[in-house]
Amino acid sequence: MSASVSARRAPLAAAVLVLSAALALTGCGRERASDTTATGGGPAAPSASASSGDPGAGPYVEPGAGDGAPHYNENNAYRREGEMSPAHEADANREAERITPVIERLWKQKKWDPASVRTALLDLGYEEERITQDGKRLGGTLTVREMYPRFETDHYVTPEGALVALRVHDDTCVTAFLQKTNYQVRTNGLYPETGCLEPPAGH
């Protein structure tokens, strides 16, 4: 190959390299809509240097996102109870009215251990719920158990008290707790992982 042919090709190759580099740089650092959608984060967040010109603009926050943490709704889905139909909610309210005086009486008598609570509620005519190891329900509607353990300093402690769950319908429950400091009875829908009782933590 002659020197004159090489000399003519050199500027062309240099121009192609410069153009490729310029195209690569203009794409760097940009967030594509598909990047955010793939992770379930919703629409792309405006950057702090958005057209508002506010250098202190914060990051994108999901609508209804509690404390504003990213992915709050997704991370807390396990704590979100299901919907109750109006008719089933009315049934649950009637059962809550039956249970509340019993829970209140036990609390005043300082009887908040699960055995005492279970006995008192079975006396109302409820049947204890029976579930197989693989989660199949065999019958009954009432569950009474100890409180969830909680971490204190360097170990877990199970507080005194009892948790109550009454399955009124497949979408509706009455839940209660009683412990030394207080008690509560309420109606709620089912939780994805734990049924009637609100879970202490998710997976």
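Which residue does the disulfide join to Cys-173? The partner is Cys-196, with the two sulfur atoms 2.0 Å apart. Some points for a first reading follow.

1. **Status of the model.** This is a predicted model. Confidence varies along the chain. The mean pLDDT is 74, and 58% of the residues reach 70 or more. Over residues 2-8 the pLDDT is below 50, and this stretch has one contact beyond near neighbours in sequence. The pLDDT is also below 50 over residues 15-62. That stretch has 24 contacts in the model beyond its near neighbours in sequence.

2. **Overall layout.** The chain holds five helices and eight strands. Their order is plain to follow: from the N terminus on, it runs α-α-α-α-α-β-β-β-β-β-β-β-β. The chain has 203 residues, and 24% of them count as buried. Take the contacts between residues at least 6 apart in sequence: 44% of these join residues at least 24 apart.

3. **The disulfide.** The structure holds one disulfide. Cys-173 sits in strand E7, which spans residues 172-178. Cys-196 sits in the segment after strand E8 (183-188). The two cysteines are 23 residues apart, and the pair links distant parts of the chain. The torsion about the S-S bond is about -70°, so this disulfide is left-handed.

4. **Burial of the two cysteines.** Are Cys-173 and Cys-196 buried or exposed? Cys-173 has a relative accessible area of 0%, so Cys-173 is buried. Cys-196 is at 6%, so Cys-196 is buried too. The cut-off used here is under 20%.

5. **Glu-129.** Look next at the loop between helix H5 (114-122) and strand E1 (130-131), where Glu-129 is placed. Why does Glu-129 count as buried? Its relative accessibility is 15%, and buried means under 20%. The side chain of Glu-129 makes a polar contact of 2.9 Å with the side chain of Arg-137. Leaving out residues up to four places away in sequence, Glu-129 touches Arg-137, Gly-139, Gly-140, Thr-141, Leu-142, Thr-143 and Arg-167.

6. **Arg-167.** This residue lies in strand E6. At 13% relative accessibility, Arg-167 counts as buried. Which side chain does the side chain of Arg-167 meet in a polar contact? That of Glu-129, at 3.1 Å. Beyond residues up to four places away in sequence, Arg-167 touches several others, among them Arg-137, Thr-141, Thr-172 and Leu-190. Both disulfide cysteines, Cys-173 and Cys-196, are also among the residues that Arg-167 touches. Points 3 and 5 can thus be read with this one: Arg-167 touches Glu-129 as well as Cys-173 and Cys-196.

7. **Leu-122.** Helix H5 holds Leu-122. Leu-122 has a relative accessibility of 32%, so Leu-122 counts as partly exposed. With residues up to four places away set aside, Leu-122 touches Glu-127, Glu-128 and Leu-142. Leu-122 and Leu-142 are 20 residues apart along the chain, and 8.2 Å separates their C-alpha atoms. Leu-142 also appears among the residues touched by Glu-129.

8. **Thr-158.** The loop between strand E5 (155-157) and strand E6 (162-169) holds Thr-158. Thr-158 is partly exposed, at a relative accessible area of 39%. Which residues does Thr-158 contact, leaving aside its neighbours within four places in sequence? They are Glu-146, Met-147 and Pro-149. Tyr-148 is ten residues from Thr-158 in sequence, with a C-alpha to C-alpha distance of 6.2 Å.

9. **The largest pocket.** Its volume is about 360 Å³. How many residues line the largest pocket? The lining has 18 residues. Nearest the centre lie Met-147, Tyr-148, Leu-163, Phe-177 and Glu-198. Strands E7 and E8 are the elements that give two or more residues to the lining. Two residues from point 8 come back here: Met-147, a contact of Thr-158, and Tyr-148, whose C-alpha atom is 6.2 Å from that of Thr-158.

Notes: Residues are numbered from 1 along each chain as its sequence is written. This is a predicted model: local features need pLDDT of at least 70, side-chain atom pairs count only at pLDDT 80 or more; totals for chains, interfaces and linings use all residues. Side-chain values use heavy atoms; hydrogens and water are left out. Helices (H or I, at least four residues) and strands (E, at least two) are DSSP runs, numbered from the N terminus. Buried means under 20% relative accessible area, exposed over 50%, partly exposed in between (1.4 Å probe, protein chains only). A polar contact is a pair of N or O atoms within 3.5 Å; within protein, one must be able to donate a hydrogen and the other to accept it, and residues adjacent in sequence count only if both atoms are side-chain atoms. Contact means heavy atoms within 4.5 Å. pLDDT is the predictor's confidence in each residue, from 0 to 100. A disulfide is a pair of cysteine sulfur atoms within 2.5 Å. On a 1 Å grid over the protein atoms alone, a cavity is a set of points where a 1.4 Å probe fits but cannot get out, and a pocket is an open set with protein on both sides within 12 Å along at least five of seven lines; lining residues have an atom within 4 Å of a point. Grid points are joined across faces, edges and corners, and a volume is the space filled by probe spheres set on the points.
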